[in-house]
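Me: I would like a close look at one part of this model, followed outward into its surroundings, with the reasoning kept explicit.

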Amino acid sequence: LRVLDASWYPPKERNARQEFKERHIPGASFFDIEECRDKSSPYDFMLPSESHFADYVGGLGVSNDTHVVVYDGDEVGTFYAPRAWWMFRAFGHKEVSVLNGGFKNWVKEGHPVTAEVTQPTPAVFKARLNRALVKTFEEMVQNVSSLKFQVVDSRPEGRFRGTELDQGLESGHIPGAVNIPFHSFLSETGHEKSIEEIQEIFREKKVDLSKPLTATCRKGVTACQIALAAFLCGKRDVAVYDGSWSEWFHRAPPHYKVSESKRSK
């Protein structure tokens, strides 16, 4: 078993690595999402190559036989951990879990924390990208007309509708997408809601979990909460549009960007 802290915060707000050094779950290692990504991409947090991922997680002591548990310290309970969970699954690793309730509930429940940083013994990890779990810009464009899969957007309603800026970008959504803000799946305490509650959320939005589904967001992070919620309901094949709105905004033609703010002008 290897425990990984996958926290990330806007640099001006909190320092994830520093907080990890000050206190973390005993034996945990820091999974740096800034390091484990495609640094050549103009978009944030895009998947790294198979070899980059394999080398990085191998350095954290993760082999193909390791059960990985990921968590983060976000106040909502879990924010970046599902992204790390999905990355492992995208690279063919099935034994990976998310700590329900995150680090804040671990502390709240009185479990041990430490400032001692342990050095894991490097391991060999072989990565093979499961392309069924990743959607490209081209596939998303084709789907606008083919409707081969459902698209769920996990951003807040205002950003989905285009009525508020999305981290400096004009906002809006992909034609045909359904909006389920990711926090819909979390309880007030920051734990995942029950499977029955999650199923009802999907039903209310007319999302059919028996049919193909792709999740999107701003930069491919909270979309993974959609994939995790569906996974808990037994659907293990939800894909994530890795580039998400940050790529769509820059590459899609204007008529493929649905925004209420444009209509109101």
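Which residues in the largest nonpolar core touch the most other members?

Reply: The model is a predicted one, and what follows should be read with that in mind. In the largest nonpolar core, which holds 47 residues, the members that touch the most others are Phe 31, Phe 53, Trp 86, Phe 88 and Phe 202. The elements that contribute two or more residues to this core are α2 (50–59), β3, α3 (81–90), α7, β8 and α8 (223–232), and of these α8 gives the most, with 8 residues. The core also draws at least three residues from each of domain 1 (2–129) and domain 2 (132–262). As a general background, nonpolar side chains in soluble globular proteins tend to be buried together.

Phe 202 offers a way to look at this core from a single side chain. Once its neighbours within four places in sequence are left aside, Phe 202 is in contact with Ile 180, Phe 185, Val 207, Leu 209, Ile 226, Ala 229 and Ala 230. Apart from the largest core lies another one, of 15 residues, which includes Phe 149, Phe 160, Ile 174 and Tyr 241.

The strand β3, which gives residues to the largest core, also pairs with β1, and that pairing deserves a careful description. Strand β1 (residues 2–5) and strand β3 (residues 68–71) run parallel and are joined by 4 bridges, with Asp 5 standing opposite Tyr 71 in β3. Strand β1 is likewise parallel to strand β2 (residues 29–30), to which 2 bridges join it, and here the bridge partner of Asp 5 is Phe 30. Between β1 and β2 the chain passes through helix α1 (residues 16–22), and this β-α-β crossover is right-handed. In a regular strand the side chains alternate between the two faces of the sheet. For β1 both faces are covered, since Arg 2 and Leu 4 on one side, and Val 3 and Asp 5 on the other, are all buried.

Turning from the nonpolar parts to the charged ones, the structure holds 16 salt bridges, and one of the acidic residues involved, Asp 166, can be followed in some detail. Asp 166 is found in the loop between α6 (157–161) and β7 (178–179), and it counts as buried because its relative accessibility is 0%, where the limit for that class is under 20%. Leaving out residues up to four places away in sequence, Asp 166 touches Arg 155, Arg 159, Ser 171, Arg 218 and Trp 245. With Arg 159, the side chain of Asp 166 meets in a salt bridge of 3.2 Å, N to O. Arg 159, in contrast to its buried partner, counts as partly exposed because its relative accessibility is 21%. The pair belongs to a network of salt bridges that links Asp 153, Arg 155, Arg 159, Glu 164, Asp 166 and Arg 218.

Two other salt bridges can be set beside this network. The side chains of Arg 37 and Glu 34 meet at 3.6 Å, N to O; Arg 37 counts as buried because its relative accessibility is 19%, whereas Glu 34, at 28%, counts as partly exposed. Glu 138 forms a salt bridge with Arg 251, in which the closest N and O atoms are 3.1 Å apart. This pair links distant parts of the chain, with Glu 138 in helix α5 (residues 137–146) and Arg 251 in helix α9 (residues 244–251), 113 residues apart. Glu 138 counts as partly exposed at 40% relative accessibility, and Arg 251 is also partly exposed, with a relative accessible area of 39%.

Finally, there are two backbone details that a computational chemist may wish to inspect. Most residues other than glycine have a negative phi. Leu 147, although it is not a glycine, has a positive phi of about 55°; Leu 147 lies in the loop between α5 and β6 (150–153), and it counts as exposed because its relative accessibility is 62%, the limit for that class being over 50%. Lys 206, again not a glycine, has a positive phi of about 60°. Its place is in the loop between α7 (195–204) and β8 (213–216), and Lys 206 is exposed, with a relative accessible area of 73%.

Key:
Residues numbered from 1 in each chain as written. Predicted model: local features only at pLDDT ≥ 70, side-chain atom pairs only at ≥ 80, totals over all residues. Heavy atoms only, no water. Buried < 20%, exposed > 50% of the residue type's maximum accessible area, 1.4 Å probe, protein only. Contact = heavy atoms within 4.5 Å. Pairing = 2+ DSSP bridges. Right-handed = clockwise from strand over helix to strand, strands pointing away. Salt bridge = Lys/Arg side-chain N within 4 Å of Asp/Glu carboxyl O. Core = buried A, V, L, I, M, F, W, Y, C linked by side-chain atoms within 4.5 Å. Domains from an automatic or database assignment.
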